[in-house]
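Dear colleague,

I am passing a structure on to you below, and would be glad if you could look through it alongside the notes that come after it.

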Amino acid sequence: MSLTKLIPIPAVINPGVGPARQATMLQLLGSPRHTYDRECQSVTNVTLKPHMITSSVGPFRVTGFDKAVTSLTKVMSDIRVARPDIYESLGTAGMLCARFVRGSEVSISNHSWGTAVDLTLDGNLDQRGDGLCQQCLADIAPIFNRHGWFWGAGFRTEDAMHFEVAEDTIRSWYSGEPHVAKILSLGDRGPDVLAVQTKLNALGFTLILDGVFGRGTMAQVMAFQHAKGLTVDGVVGPTTAAALGLA
Amino acid sequence: MTRSVQSGMSRAALLLVAAVGVVVSPQVGAGEITSLYTPLGLGACAVPPAEIARSYEGRDLAVEECPAPAPYRLFVVSSDARSWIDLRRNDLDWSSEQRVVYGRDVLALGHFPNVSTSGVAEWRLDEKGIPLALIVRLRLVDPGGDATQGATISRLLVVGLSADSFCDLGLAKSNEEARQMADMAAACTAAVGR
C-alpha cells in the first residue's frame, strides 16, 4: 500500500482535544515577537526564546518550543513501535515560523510558538483543503491525540499535514504558574496587562482597561519609561514593573 | 539598442503603474528585453474586490492584490504560514500554490516558503513592452541553519507569461539566472502542464 494513498477525512477525529486558541497562547506563552512581518522570523521574546530548541525527534530534526519538542519525540517513539513503516517515511515541512498571516494585523501564525508541526510522508506534503488526507496521517493521528496533540484535519478547512499541541495540553503545562508571562509586550493579553494599564491610568495615563497590550498601551509604557529615565523599549520587564509598583 | 519601458507599455498599464506609485526602472537585458519592477510590500498591496476576496476566504486564505502591468493582475495568497502568488489575465487564472507549497524540490529546500515582502516583482518585457515573464523572490526557513536565529534561504520563482497561458519556468538562485530563465519564456508556449 502506498503510504500517501488518499482517503476522505475520517468522520470521528480528535476525541477530547481541541486546537489551541491564540488568546491562550498569548496569555500563557506571551507574544513571540514585538513586531511581525509576513515572512517567518525568529522568536525575540526574551522569556520565550530560551525555550526554543533544535533537536532530533527521531525521524527528523525540528526547532520548536521545548515542551512541544519533548512531547513530539514521545509521539514519534510510539509511532516507531506501532507503525515502523510510517515512521521511516516521516519528515517535516516545519515547526517554527513567527509571522502574521498576510492580510491580517492581528492573526499570528499558529507556528509562531513552535508548538505545531507540519509532516511530510516520503517527501510529500498533504494537500490542504481538498477534503482528503494521506491514509498514514489518519493512522498516526490517534497517537498524536493520546499525547495531547490536535490533528489539523479537524480545522474548518482541513489541514491534514498539520498537528499542534492542543489547548488543554498547553494549559496543563502552565497550571499552578500564575505569572508565566513575566515580561509583557505587544500582543500580550490578560490580567497582568490589565494590572499594568490600571497602574498607568492611576499615574494619569488614559488607557482603555481591556487587558490587551496593543499599540496604545505600548506607546504609554514608552512614555512612562521615558519619564522615569528607564530604557524606552515599550516592554514591561522587571525594571519597568518595579517602577510601576507591580514587582 | 536601449529602449524605454514606457514606450512599449499600454496606456492602461501605465495608468495602473502611475496610480499605485510604482517606480518604473528600465533595465537592458538580453537583446530588447527590459524589466519593470512593481512593489510587493505591505503598503503597496491591498485587499482585492469583495468577490475575489471571498473566493479565498472560503478556503481560509488571505489575499492581497499587488500592482501589475495590465492586463495582468497579481495576488499574494497566504495560508497560516505560507504564501504564494496567483495571477490573472482576463479570464485566465493561474496559481503557484502547487509549485511553491507542494513542490518536492521546494519541500526539500526549506520550510514555510513565503513571498518576500521586502522585494519587488520583476516583469520581463519584450521589445513591445509585453510581459514575457515574472520573477518573484521566495524566502524559506533554512532547516539546516539555526532556526532560532531566523536563518533563511532565498530563491526566485520564474513564471512564463503568454497571451493564453502561464507556465512555471523554475527556481533560480540569482537574479542573473532568473533573468536567463525568464528570457527563454518563449518556450512557455511549448511547456508541459501549463
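The notes below deal with the cysteines and then with the nonpolar cores.

This is a predicted model, in which local features need pLDDT of at least 70 and side-chain atom pairs count only at pLDDT 80 or more, while totals for chains, interfaces and linings use all residues. Residues are numbered from 1 along each chain as its sequence is written, chains are lettered from A and ligands numbered from 1 in the order in which they are written, and side-chain values use heavy atoms, with hydrogens and water left out.

Over all chains there are two disulfides (cysteine sulfur atoms within 2.5 Å). One joins Cys40(A) to Cys97(A), with 2.1 Å from S to S, and is left-handed at -85° about the S-S bond; its two cysteines are 57 residues apart, and both are buried (under 20% relative accessible area, 1.4 Å probe, protein chains only). The other joins Cys45(B) to Cys66(B), also with S to S 2.1 Å, and is right-handed at 110°. By contrast, the sulfur of Cys133(A) lies 9.8 Å from the closest cysteine sulfur, that of Cys136(A), which is too far for a bond.

The largest nonpolar core (buried Ala, Val, Leu, Ile, Met, Phe, Trp, Tyr and Cys residues joined through side-chain atoms within 4.5 Å) has 50 residues, of which Leu72(A), Met76(A), Leu119(A), Phe144(A) and Trp149(A) touch the most other members. A second, separate core of 37 residues includes Leu36(B), Phe75(B), Ile85(B) and Leu107(B).

With best regards

Note on methods. Helices (H or I, at least four residues) and strands (E, at least two) are DSSP runs, numbered from the N terminus.
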